[in-house]
Amino acid sequence: MNTALRTRNHYAPIAIGQNILIAHRDFCPQWTGKTLHIWRDDLPDASYSCQFVQARRAAGQSLLPSVNPQHLLVHYKDGESLTTMNVSIEDIAQFSTGTHSLLIHCTVGQTRAPTLALIAKIVRGVSVYHALADIMQANWETRGVVSNFCLTPVAEIFAWAETR
């Protein structure tokens, strides 16, 4: 096995260009910019969510899309149709528009965060094909793993991108 692959940090934040970062949930508290938090409620306990989501849950606050312009809370399970999310693709696109620093994270940053990062890259001017390639390359170079893109949500993002 390649020694470089054994020494890579599989939880390192991934810079994917256009001022967008994909990360693991534990990177969230260190971030001061806009954040798209991807969470799910079917995991064994709240520890699978970032501290921001855990604090909102503990305080009994809504996990519906936040009114805070710095945070967007997205309830999404791996591989499901994007129509099951609590927000629309357009909501994510609007939140991601601009040149500001943007963190997109889920529990590990391997499936859901790269998938929704496609939307952010597209609204920042990258073609859908280049966005997919950029994310795959950055994940491989940073973590030594291949992003786990699921067919249904990626097909929905491709269809959405065609209408832009």
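Here are two short exercises on a predicted model, each with a worked solution.

Residues are numbered from 1 along each chain as its sequence is written. Local features need pLDDT of at least 70, side-chain atom pairs count only at pLDDT 80 or more, and totals for chains, interfaces and linings use all residues, while side-chain values use heavy atoms, with hydrogens and water left out.

**Exercise 1.** Work out how helices H4 and H5 cross, and which residues meet.

*Step 1.* Take H4 as residues 112-123 and H5 as residues 128-143; helices here are DSSP runs (H or I, at least four residues), numbered from the N terminus.

*Step 2.* The two axes come within 9 Å and cross at roughly 135°, using lines fitted to C-alpha atoms over the stretch in contact, with angles from 0 to 180 degrees between N-to-C directions.

*Step 3.* H4 and H5 are therefore oblique to each other (under 35 degrees is roughly parallel, over 145 roughly antiparallel, 65 to 115 roughly perpendicular, the rest oblique).

*Step 4.* Now list the contacts (heavy atoms within 4.5 Å): Pro 114, Ala 117, Leu 118, Lys 121 and Ile 122 in H4 meet Val 128, Ala 131, Leu 132, Asp 134 and Ile 135 in H5.

**Exercise 2.** Count the disulfides and check Cys 28 and Cys 106.

*Step 1.* Apply the cut-off, a pair of cysteine sulfur atoms within 2.5 Å, and you get zero disulfides.

*Step 2.* For Cys 28, the nearest cysteine sulfur belongs to Cys 50, 3.9 Å away. Cys 28 is buried at 8% relative accessible area (buried is under 20%, exposed over 50%, partly exposed in between, with a 1.4 Å probe and protein chains only).

*Step 3.* For Cys 106, the nearest cysteine sulfur is again that of Cys 50, 11 Å away. Cys 106 is buried too, at 4%.

Technical notes: Helices (H or I, at least four residues) and strands (E, at least two) are DSSP runs, numbered from the N terminus.
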